[in-house]
Amino acid sequence: MQDTAHAAHQAAIHTVSYLRWIPLLPLIGAAINGLGGAWIQKHLGKKVIGGIACAMPLLGFLLSLRAFFQLAGLDPAERTLLDTMFPWIHVGNLNVDVAFQVDPLTAVMILIITGVGGLIHIYSTGYMHDEPAYWRYFAYLNLFTFAMLTLVMGDNLLIMFVGWEGVGLCSYALIGFWYSEWANASAGSKAFIVNRVGDFGFMCATFLLFWSLADVGHPTLLFREIAEYGPLLEGHMFWGVSTVTLITMLMFVGATGKSAQIPLYVWLPDAMAGPTPVSALIHAATMVTAGVYMIARLNVLFGMAPATGAVIATVGAATAFFAATIGTTQFDIKKVLAYSTVSQLGFMFIAMGVGAYATGVFHLMTHAFFKACLFLGSGSVIHAMHHEQDMRKMGGLKKWMPYTYATYLISTLAIAGIPPFSGFFSKDEILWKAFSSGHQFVWFVAVCAAALTAFYMFRSVYMTFDGENRSDEHTREHLHESPFSMTVPLMVLASLAALAGFLNVPHALFGDARFDAWLAPVLEHGGGHAGGHGDAHGGGHHVEVIEYVLMVLSIAVAAAGIFVARAMYKTGSMSPDRLTGLAGGKPYRTVFNKYYVDEFYDATVIRGTLALTRVSAWFDTNIVDGIVNGAAWVVRMASAFNGLVDRYVVDGAVNGVATVTSLVGGRVRRLQTGNINAYLYVAVIAVVGMMVARMW
Amino acid sequence: MDNILTLMTFIPIFGAALILCLPRDRDNLVRWVAVGVTAVPLVLACWLFFNFDRSTAGFQFLQRGQWIPSFNIQYIVGVDGVSITMVLLTAFLSFLCIFASWGITKAVKAYFALFLLLDAGMMGVFVSLDFFLFFVFWEVMLLPMYFLIGIWGGPRKEYAAIKFFLYTLLGSALMLISILALYFNTTDPATGQHTFDMMVMMDQANHSEWLRNGIIFGQSVPLVIWMALFIGFAIKIPAFPFHTWLPDAHVEAPTAISVILAGVLLKMGTYGILRINFAILPEATATLAFWCLAAVGVVNIVYGALCAMAQSDLKKLVAYSSVSHMGYVMLGMASFTQQGINGAVLQMFNHGTVTAMLFLLVGVIYDRAHHRNIDGFGGLASVMPVYTGFVAVAFFAALGLPGLSAFISEALVLLGSWQANPRLTMVAALAVILSAGYMLWALQRIWLGKLNEKYANIEEVNRREIFTLAPLAALVVYLGIYPTAVLDLMGASLNSLNGVVSKFL
C-alpha cells in the first residue's frame with residue numbers, strides 16, 4: 001500500500017517553472033514601490049504607483065488561472081504542480097528547498113488571494129487617494145500578497161512559515177500604517193506579539209513532527225511526504241501521549257494566533273486600526289484564514305488525531321458564539337465586522353474539527369467574498385462619512401450610496417445564511433457536518449451563533465443604511481457614492497458572494513458537490529475520522545430526512561435573527577433597551593466591554609511578564625553583578641591588607657638589615673599601587689614561571 | 001597564496017605601526033590609511049571565500065614555522081569550516097568599523113593604531129592552530145580593547161574597561177593553566193616532544209594517561225581542564241552568570257568598538273569551545289555539555305531576553321539581546337546534531353552582522369541626540385524614514401523573522417536541539433515571544449507614535465552611515481534567502497567535529 005502510494009506520488013508531480021512568478025511578481029512590485037516609491041510618486045505620480053501595485057496581483061491571478069486550468073486538465077490523482085527554485089536549507093537530514101507547489105487546495109487559495117487581493121488593490125487606489133504615503137501603502141500591500149502566496153504555495157513547512165510570519169509582518173506594518181497615532185502602533189505590536197504566541201506552538205509542532213518522522217525513518221518537512229509518511233506515526237508516543245495529537249494540538253495553537261480563535265483572538269478587533277481595505281484583505285479574506293489552510297494542508301495528521309479534532313470543534317464553536325455576542329453590541333461598523341470575522345472563522349474551525357476539511361475551505365472561500373465585500377462596503381461608507389465609523393451617526397445612507405448599499409445587503413444576506421446566497425450553502429454544510437458527525441452540542445452552539453450573526457449583520461445594515469440620517473450637517477452635505485474604482489470591486493465581490501454557493505450545491509439539493517470533489521485529491525487521502533465526512537462524499541450520497549429538517553431550521557433561525565434586528569432597528573416595534581437594561585444592565589455592559597478579556601490579559605499575562613522582566617533586571621544588577629563587584633572588593637581589601645603587612649611587618653624587619661633588601665622591598669611596594677592590572681600580570685607571569693620551572 | 005592568513009593577520013599590525021609614524025594633525029590621512037589597511041584583509045577574505053575547499057573537513061591554507069624551538073612552540077595558522085566564517089566576519093566588520101569610527105576626534109592616531117592592533121589580535125585568534133600562539137593573540141587583543149573602551153568610552157569608561165579587562169584576564173589565567181596542562185600531557189609522535197600544536201592535541205592517542213584518566217582535586221582530569229577552559233571562554237561569550245561585564249562594556253564603548261565587541265569578540269568564546277573543548281576533549285564535552293552548554297544556553301536566551309525588556313537604555317537593551325542570542329549558539333552546539341552545530345556557527349555569523357547593525361543604528365541616534373533613553377524619543381520614523389527602514393530590517397532580523405538571516409540559524413539550533421533536549425528547547429522557544437516583545441516595544445517607543453518635537457529637525461542618516469549599514473542589511477537579507485552561501489563553508493568540518501564528540505554520547 002505504501003509503496004504504491006509512493007509510486008503514485010512520484011508520478012503525480014508535474015514540474016513547471018512559471019509558478020514562482022505568482023509570488024515573485026508582487027515581491028518585485030513591493031521592491032519597486034518600497035525602494036523607489038517616494039521618487040516615483042513625486043516625479044511620475046500616484047497613478048504609476050497604483051498601476052505597478054495593481055498589475056502584480058492581477059498578473060498573478062492570470063498565472064493562477066493558468067495553473068488552475070492546467071490542473072483541471074490532469075487526472076485527479078496527478079494534480080500537483082511543482083516549481084523548485086533553489087536549495088534553501090540542507091543540513092544533515094533536513095533538506096528544504098525554496099519550492100512552490102500548486103495542487104487543488106492551493107489553486108483555490110491563490111485564486112482567492114490574487115483575485116480578491118487584486119480587487120482590493122484596485123479599490124485601494126480610490127480609497128487611499130489622498131494618502132501622502134501612498135507608495136508605502138502599496139509596497140506593504142504587494143509585500144503582503146507575496147507573503148500570503150508564499151504561505152499557501154510553499155511545498156514545505158518552513159517555506160510556509162516564511163509566509164506565515166511574513167503576513168504577520170505586513171499585518172503589523174499595515175495595522176500601524178498611520179503610526180503617528182500611538183493606538184495604531186500599539187495595535188500593530190499587539191497583533192505581532194500575540195501571533196508570536198501562536199508561532200511558538202507552530203515551531204514546536206514543526207520540530208516534533210520532523211524528529212518523529214525521522215524516528216519512523218522519513219525525516220521530512222515536505223507536505224507531500226508528510227501526507228505520505230504521516231500515517232506511519234500511528235501509535236508513536238511522545239512524553240506519554242500520542243505524538244500526532246501533540247503535534248496537531250501545537251499546530252492548532254499556531255492556528256489560534258493567526259486565525260484569531262480563543263484564547264488568542266484579542267489582536268484582531270484592534271487590528272481594525274489599519275486602513276479599511278487592509279481589514280478586508282488581511283483581516284478578513286486571506287491572512288486570518290491561514291490557520292484553516294494549515295489544518296487543511298496537514299489534514300492527514302489532523303485526521304489521525306480525533307482528540308485534537310474535538311478540541312478544535314469546541315474552540316471553534318465557542319469562538320463563533322462568543323464573538324457573535326460581542327458583535328451584537330458594538331457601534332463601530334468595523335468592530336462589528338471584526339467580531340463577525342472572528343465568529344465566522346470559528347465556523348471554519350468547527351468544520352476542520354469535525355473533519356469536514358473541504359467544507360471548511362468552502363466557507364473560507366465564500367467568507368472571503370462576502371466579508372471582503374462587507375469590509376470594502378464599510379470602507380466606502382467611512383470614506384463618504386469623513387472617517388466616521390460610529391453607526392449611531394449614520395443612518396439612511398442608501399439614498400446617497402445605492403451601489404454600496406446593494407452590495408452590502410447582498411453580502412449580508414450571504415453571511416446571514418439566506419438561500420441561495422453563498423453563505424447559506426457553506427454555513428449550512430458546516431452545521432450539517434457537525435451534527436451528522438455526532439457533535440450535536442457543537443451544532444447547537446453554532447446554530448445560536450448563526451442566529452446572532454443574522455441579527456448583528458442586519459442591525460448594521462439598518463443602522464447604517466436605513467432610517468433617518470443622524471450625521472451632522474456638514475457630513476451630510478458631502479455624502480456621495482464612492483468612485484468606480486471602489487464600487488466596481490464591490491459589485492464583483494457581491495456577485496461572487498451571491499453566486500459562489502452554486503459551486504458546491506450539496507447532494508441533498510440535487511447538486512453534485514463539485515467543490516468538494518475538486519479538493520478531494522488533497523483532502524481525502526487522510527481517511528476522515530469523523531462520521532459525516534466519509535458518508536457525504538464517498539459511496540452513494542444517501543440523503544437523510546434530518547438533513548432537510550436541519551436546513552429548514554437554520555434558515556428559520558437566520559430569519560428570526562433578521563426579524564428581531566428589523567423590529568429593533570428599523571420598525572422600532574421592539575426596543576433594544578429592553579435587552580440592554582436586563583438585570584440592571586450588567587450583562588450588557590460585560591458583553592459591550594468584550595467580557596473584559598483584554599483587561600484580564602493585561603492584568604495577568606502582560607503585568608506578570610513585565611514584573612518578571614523587572615525582577616530579572618534587578619537580580620542582574622544587584623545579585624549577579626553584585627557578586628562580581630563584591631569579589632573585586634574582597635580582592636582589593638586583601639591586597640590592601642597584604643600591603644600593610646608588607647610595609648609594617650616584612651619591610652619593618654627588612655629595614656634593619658641591608659640596603660639591598662630594602663631596595664627589593666621598595667620595589668615590591670611600588671608594585672602595590674592598587675593597579676590591579678599589574679597584579680594580574682604578575683600573577684600570570686608567576687604562573688608561567690612556575691610551570692616553566694617545573695620543566696627543568 | 002600559502003601565506004594568505006599570515007598576511008591577513010599581520011598587515012593590520014604593520015598598518016598600526018605605519019599610522020604611528022604619520023604626522024600629527026593629519027586626522028583624515030590617518031583614517032584613510034586605516035581604510036586601506038583593513039581593505040587588504042577584506043579583499044584577501046573574498047579571495048579566501050572563493051578558493052576555500054568546501055568538501056573537506058581538514059585545515060586549509062596551513063602555514064607552519066618554528067617560533068620558540070626550545071619549548072617546541074610553533075607558528076601554525078590555518079582555517080577550516082569552523083574558523084573561516086569568523087575570519088570573513090572579522091575582515092568585513094573591521095573594514096566597516098573604520099567608517100563607523102570616522103567621528104572619533106580625540107587622539108585619532110592612537111585610536112586607529114589600537115584598532116588595527118585589535119584587528120590583528122582577533123584575526124590571529126581565529127587562524128592560530130598552535131595553542132601558545134592562540135593565547136598570545138588572545139592577550140594581544142585584550143590590551144587595545146582595554147584602552148579603546150577606557151579612553152574613548154562614555155562616562156563610566158574606566159569602570160567598564162577595567163571590569164572587562166579583569167574579567168577576561170581571569171578567564172585567561174584559567175586558560176593558561178589548562179594550556180600548560182595540555183602541553184605537558186601531549187606528545188607529538190613525530191618528534192617525541194611536548195607540543196602546543198592543536199592538531200596533535202586533537203588526536204587523543206597523543207594524550208598522556210594522566211590526561212585521559214587521571215584524578216585531580218578528586219575529579220577526573222579532563223573534566224577539570226574542560227571546566228577551566230570553559231569558564232575562560234564562557235566569560236567571553238558571555239554565558240550566565242559571567243555576563244555582567246558585557247552591558248557595562250557595551251554601553252561605555254564607542255560605537256565601532258561595541259560593534260567589534262559584540263560582532264567578533266563574543267564569538268571567540270564559542271569558537272574556543274568548539275575549537276578546543278570539543279576537538280581536544282570530546283569525551284568531557286559529551287559529559288558536561290548538557291549542563292554547561294545547553295542549560296546555561298537556555299538561561300542566556302530567556303534571562304537575557306527578560307533583562308533586555310526591562311532596559312531603558314537602548315544600547316543596554318541591544319547588549320542584553322546579545323546575551324540572549326549567544327545562548328542559541330551554546331544550545332545548538334550542545335545538541336550534537338548536525339542541525340544544531342551548523343545552526344550554532346551560522347548563528348555566530350548572523351549575530352555578528354545583525355548585532356553590528358543594531359549597534360551602528362544606536363550609534364546613529366546617539367550621535368544626534370546624545371542620549372539613548374528609549375522613552376526620550378518618539379515618532380522618529382516620520383523624520384528619518386531611511387534610518388527607520390534600516391532599523392526595521394535589523395530589529396526584525398533580531399527577533400528572528402523568517403526571510404532574514406538570523407531566523408535560519410535560530411530555527412536550525414532549535415530544531416537540532418529539540419532532538420537532544422525537547423523540554424529545554426521548548427523553554428528556549430519561548431524567547432520568540434519575548435524577543436518580539438522587547439524589540440517591537442522599543443521600536444514603537446522610539447520610532448512610532450507622535451513625533452517628539454525636540455527631534456523634528458533631526459538629521460537623516462548620512463552617506464557614510466548608509467555605507468556602513470547597507471552592506472550589512474544586504475547580507476542579512478541575502479543570507480535569509482540563501483544561507484547555503486555560509487552553510488556550505490562550514491558543513492564538512494562541523495559535521496566531522498560533531499561526529500568526534502557524538503562518539504562519546
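**Notes on the A/B contact and the core**

1. Chain B puts 50 residues in contact with 46 residues of chain A, where contact means C-beta atoms, placed from the backbone, within 7 Å. H6(B) contributes the most to the side of chain B that touches chain A, at eight residues. That side breaks down into 35 nonpolar, 14 polar and one charged. Here Ala, Val, Leu, Ile, Met, Phe, Trp, Tyr, Cys and Pro are nonpolar, Asp, Glu, Lys and Arg are charged, and the others, Gly among them, are polar.

2. Keep in mind that this is a predicted model: local features need pLDDT of at least 70, side-chain atom pairs count only at pLDDT 80 or more, and totals for chains, interfaces and linings use all residues. Residues are numbered from 1 along each chain as its sequence is written, with chains lettered from A and ligands numbered from 1 in the order in which they are written.

3. H6(B) also packs on helix H5 (residues 131-152) of chain B: their axes come within 9 Å and cross at roughly 175 degrees. So H5(B) runs roughly antiparallel to H6(B) (an angle over 145 degrees). Among the residues that meet are B:Phe131, B:Trp138 and B:Tyr146 from H5(B), and B:Phe164, B:Phe165 and B:Met175 from H6(B). The contact splits into 15 nonpolar, three polar and three charged.

4. Leaving aside neighbours within four places in sequence, A:Ile350 has contacts including A:Ala313, A:Gly316, A:Ile430 and A:Ala446.

Terms used: Contact = placed C-beta atoms within 7 Å. Helix = DSSP H or I, 4+ residues; strand = E, 2+ residues; numbered from the N terminus. Axes fitted to C-alpha atoms, helices over the stretch in contact; angles between N-to-C directions. Parallel < 35°, antiparallel > 145°, perpendicular 65-115°, else oblique.
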